[in-house]
Amino acid sequence: MESLGVPRHKPKEETEARKYTGADSEILRGEKQAPFGIGGSGGGVVAQEKVTVVHNEKTREVDLVTKYFKQLTGPDSLESAMSAFKLLKEAGVKHIPVTYRQVGPTEILMTDYNRDDKIAVGGNDNEKAKDLCINSVSNLPELLSSINEDIQRATDAGINIYTDCYFLIIPKSGEETRIDFVIGDLGGIGYANQDERSDLYSNNVKRVEYALLSFISLHVNKKLQKEYAQRIREWATSLEVEK
């Protein structure tokens, strides 16, 4: 049995990575890296890892992130995360990790968004982003539109998405910065209960609004924070009025 929340694999150790569909890929594990992201209580830790994928006797190296879960069942566990990925995929939600595979009973390998001079900033602590500050956002209307499309897909499928699920992907530096996003922390995502259904879209909007406002307050030039915060609030209000 692997230790929960702790990397125990050995470099070049052979294992299988399982898709949510059940399909397997043979991989060789990479060097253990120091964790750079720490979730909330019970949420686990994440670390970068270069794995070797073996397919039809051919190998290729892939840079991924490994999440080490501290819980196997419950609201923020490996089990709930794999289930959430399946729900979002089937609902047609676009901005989810391209790679999301279970490795053994305690770990998930997923797309690494902290590469190519970019950083994923979200609700969990990310050591790579602690001193990050950008001057301006060049694609805010496009970003908000993409977020709303995915919120609508999730809501139509009856899925709750929480504030700390969102990550904004930004360059480490730049004057006018283009931002993308991913719903990357899937622990706790699931179907809304019957009492939540009537207000589900509104609640999903409010949660992502809070995530965006938190990002602005922490990582955007102070001279522009008020302007961006107002634009985000107006966007959120307009969605609730339209709905």
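The expected span of a helix is 1.5 Å times one less than its number of residues. The exercises below use a predicted model.

**Exercise 1. Compare the expected span of α3 with the distance between its end C-alpha atoms, then state how far the helix is enclosed.**

Step 1. Helix α3 covers residues 200–219 and has 20 residues.

Step 2. At 1.5 Å a residue, the expected span is 28 Å.

Step 3. In the model the end C-alpha atoms of α3 are 29 Å apart, which agrees with the expected value.

Step 4. Buried means under 20% relative accessible area. Of the 20 residues of α3, 14 are buried, so the helix is largely enclosed by the rest of the structure.

**Exercise 2. Describe the largest nonpolar core and find which element supplies the largest share of it.**

Step 1. This core has 54 residues, and those that touch the most other members are L88, I161, I183, L186, I189 and F215.

Step 2. Elements that each supply at least two residues include the helices α1 (78–91), α2 (140–156), α3 and α4 (222–242). Strands that do so include β7 (107–111), β8 (118–122), β12 (166–171) and β14 (180–183).

Step 3. The largest share, eight residues, comes from α3.

Step 4. A second core, separate from this one, has eight residues, among them I27, V51, V53 and L109.

Step 5. As background, nonpolar side chains tend to be buried together in soluble globular proteins.

**Exercise 3. List the contacts of L186, leaving aside its neighbours within four places in sequence.**

Step 1. With those neighbours left out, L186 is in contact with S80, A81, A84, F85, L88 and Y100.

Step 2. L88 and L186 are both among the residues that touch the most other members of the largest core.

**Exercise 4. Find the aromatic pairs in the whole structure and classify each one.**

Step 1. The search gives two pairs.

Step 2. Y20 and F85 have ring centres 5.5 Å apart and planes at 65 degrees, and planes over 60 degrees apart count as edge-to-face. Y20 sits in the loop between β1 (14–18) and β2 (24–28) and F85 in helix α1, so this pair ties together parts 65 residues apart in sequence.

Step 3. Y20 is partly exposed, with a relative accessible area of 27%, whereas F85 is buried at 3%.

Step 4. F85 and Y100 are stacked, with 4.9 Å from centre to centre and 10 degrees between the planes. This pair also links distant parts of the chain, F85 in helix α1 and Y100 in strand β6 (residues 100–103), 15 residues apart. Y100 is buried, with a relative accessible area of 4%.

Step 5. Ring pairs thus join Y20, F85 and Y100 into a cluster.

**Exercise 5. Place T21 in the structure and give its C-alpha separation from R101.**

Step 1. T21 lies in the loop between β1 and β2.

Step 2. At 54% relative accessibility, T21 counts as exposed.

Step 3. T21 and R101 are 80 residues apart along the chain, and their C-alpha atoms are separated by 9.7 Å.

**Exercise 6. Is Q225 buried or exposed, and what does Q225 contact beyond its neighbours within four places in sequence?**

Step 1. Q225 lies in helix α4.

Step 2. Its relative accessible area is 18%. The limit for buried is under 20%, so Q225 is buried.

Step 3. Apart from those neighbours, Q225 is in contact with I216, S217 and V220.

**Exercise 7. Describe the backbone and surroundings of K12 and N56.**

Step 1. K12 is not a glycine, yet its phi is positive, at about 70 degrees. K12 lies in the segment before β1 and counts as exposed at 56% relative accessibility.

Step 2. N56, also a residue other than glycine, has a positive phi near 50 degrees. N56 lies in the loop between β4 (45–55) and β5 (58–68) and counts as exposed at 64% relative accessibility.

**Exercise 8. State how many disulfides the structure holds and describe C133 and C165.**

Step 1. The structure holds zero disulfides.

Step 2. C133 is partly exposed, at 47% relative accessible area, whereas C165 is buried, at 0%.

**Exercise 9. Judge the confidence of the prediction from its pLDDT values.**

Step 1. The mean pLDDT of the protein is 88, and 92% of the residues score at least 70.

Step 2. Among the elements, α2 has the highest mean pLDDT, 97, and strand β9 (residues 125–126) the lowest, 64.

Definitions and conventions:
Residues numbered from 1 in each chain as written. Heavy atoms only, no water. Disulfide = S-S within 2.5 Å. Buried < 20%, exposed > 50% of the residue type's maximum accessible area, 1.4 Å probe, protein only. Core = buried A, V, L, I, M, F, W, Y, C linked by side-chain atoms within 4.5 Å. Helix = DSSP H or I, 4+ residues; strand = E, 2+ residues; numbered from the N terminus. Contact = heavy atoms within 4.5 Å. pLDDT = per-residue confidence, 0-100. Phe/Tyr/Trp six-rings, centres within 6.5 Å; stacked < 30°, edge-to-face > 60°.
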